[in-house]
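Here are some worked exercises to try with the model open beside you. Have a go at each task before reading its solution.

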Amino acid sequence: MADALFAISSYIDAGGNVLWAILIVAVALWTLILERYWYHWRVFPQEFAALRAQWENTTLTDIWLARKIQQMDVARLRHQLGGSVFLIRTLIAMCPLLGLLGTVVGMIQVFEVLEFSGTGNPRAIASGVSMATIPTMSGLVVALSGLFFSIDLARASEHKARKAADVLSQTLAKIPGLHCHVTGR
């Protein structure tokens, strides 16, 4: 355990302070991704079952009104399914930009070393180059790992929303006593 912490500490020291920002964004990103999967696997089926039972026992008699209310329910489900996918995508877009910021900071350090000591201090130059490349790599790794799951979540949200709309529509069609009220002119 101590070796792992030492390795992480050495990695962050070599990459500079920008790595802390990338680490915070990575933790937030993966927390949101795990929360969304938890919602899709555990919470949504229960909410959908409750909504379906509510529609099976509806007391509405006007089909136009029932369809409008059902459309609102489906829109609410779609919104809940895609809850934080936009925020996940925003965090994914931030990671390469933070890596680029680390590159700029590292290059500034390299130029400062070159200004004071010329090319006579290769160790200091290597430290700056490492500070320039490690944040870029870290930002890209975090972004690429989150990208796959954000696409999967967006697809799953749309698929489940469409399936819920179909099931609720079929439930509505099976309800006896629903009829259309035609208003006179």
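**Exercise 1. In this predicted model, find the acidic partner of Arg78 and say where the two residues sit.**

Step 1. Begin at the side chain of Arg78, which meets that of Glu158 in a salt bridge, with 3.3 Å from N to O.

Step 2. Now place the pair: Arg78 belongs to helix 3 and Glu158 to helix 5, 80 residues apart, so this bridge links distant parts of the chain.

Step 3. Look for shared partners. Arg78, Glu158 and Arg162 are joined into one network by their salt bridges.

Step 4. Check the exposure of the two residues you began with. The relative accessible area of Arg78 is 34%, so Arg78 counts as partly exposed. Glu158, at 30%, is partly exposed too.

**Exercise 2. Examine the salt bridges of Arg36 and Arg52, and decide whether each arginine is buried or partly exposed.**

Step 1. For orientation, the structure holds five salt bridges.

Step 2. Arg36 pairs with Glu35 through their side chains, at 3.0 Å from N to O.

Step 3. Apply the cut-off: buried means under 20% relative accessible area. Arg36 has 6% relative accessibility and therefore counts as buried. Its partner Glu35, at 36%, counts as partly exposed.

Step 4. Turn to Arg52, which bridges to Glu56, with 3.6 Å between the closest N and O atoms. Both residues lie in helix 2, four residues apart, or about one turn of the helix.

Step 5. With 35% relative accessible area, Arg52 is partly exposed; Glu56 is partly exposed as well, at 46%.

**Exercise 3. Which residues touch the most other members of the largest nonpolar core, and which helices supply it?**

Step 1. The core has 20 residues, and those touching the most other members are Ile22, Leu29, Ile33, Ile88, Val142 and Leu153.

Step 2. Helix 2 (18-56), helix 4 (85-117) and helix 5 (122-173) each contribute at least two residues to this core. Helix 2 gives the most, with nine.

Step 3. Follow one member outward. Beyond its neighbours within four places in sequence, Ile33 contacts Ile88, Gly146, Phe149 and Leu153.

Step 4. There is another core apart from this one, made of 16 residues that include Ala66, Val167, Leu172 and Leu178.

Step 5. For background, nonpolar side chains tend to be buried together in soluble globular proteins.

**Exercise 4. What does Leu32 touch beyond its neighbours within four places in sequence?**

Step 1. Locate Leu32 in helix 2.

Step 2. Setting aside neighbours within four places, its contacts are Ser84, Leu87, Ile88 and Leu91.

Step 3. Take Leu91 from that list: it is 59 residues from Leu32 along the chain, while their C-alpha atoms are separated by 10.0 Å.

**Exercise 5. Classify the ring pairs Phe44 with Phe48 and Phe148 with Phe149: stacked or edge-to-face?**

Step 1. A pair of aromatic rings is described by the distance of the centres and the angle of the planes. Planes under 30 degrees apart count as stacked, and over 60 as edge-to-face.

Step 2. The rings of Phe44 and Phe48 are 5.9 Å centre to centre with 15° between the planes, a stacked pair. These two residues are four apart in helix 2 and so are separated by about one helical turn. Both are buried.

Step 3. For Phe148 and Phe149, the centres are 5.0 Å apart and the planes stand at 80°, so this pair is edge-to-face.

Step 4. Compare exposure in the second pair: Phe148 counts as exposed at 54% relative accessibility, whereas Phe149 is partly exposed at 27%.

Step 5. Widen the view. The structure holds six aromatic pairs, and ring pairs link Trp30, Tyr37, Trp41, Phe148 and Phe149 into a cluster.

**Exercise 6. Asp73 or Val104: which is buried and which is partly exposed?**

Step 1. Asp73 lies in helix 3 (residues 63-81). Its relative accessibility is 12%, so Asp73 counts as buried.

Step 2. Not counting residues up to four places away in sequence, Asp73 touches Leu51 and Trp55.

Step 3. Val104 is in helix 4 and, with 44% relative accessible area, is partly exposed.

Step 4. Together with Leu97, Leu100 and Ile108, Val104 forms a nonpolar surface patch with about 380 Å² of accessible area.

Definitions and conventions
Residues numbered from 1 in each chain as written. Predicted model: local features only at pLDDT ≥ 70, side-chain atom pairs only at ≥ 80, totals over all residues. Heavy atoms only, no water. Core = buried A, V, L, I, M, F, W, Y, C linked by side-chain atoms within 4.5 Å. Buried < 20%, exposed > 50% of the residue type's maximum accessible area, 1.4 Å probe, protein only. Contact = heavy atoms within 4.5 Å. Patch = residues over 30% accessible without salt bridge, like charges linked within 9 Å, V, L, I, M, F, W, Y side chains within 5 Å. Areas by Shrake-Rupley, 256 points an atom, 1.4 Å probe, with all protein chains shown as cover. Salt bridge = Lys/Arg side-chain N within 4 Å of Asp/Glu carboxyl O. Phe/Tyr/Trp six-rings, centres within 6.5 Å; stacked < 30°, edge-to-face > 60°.
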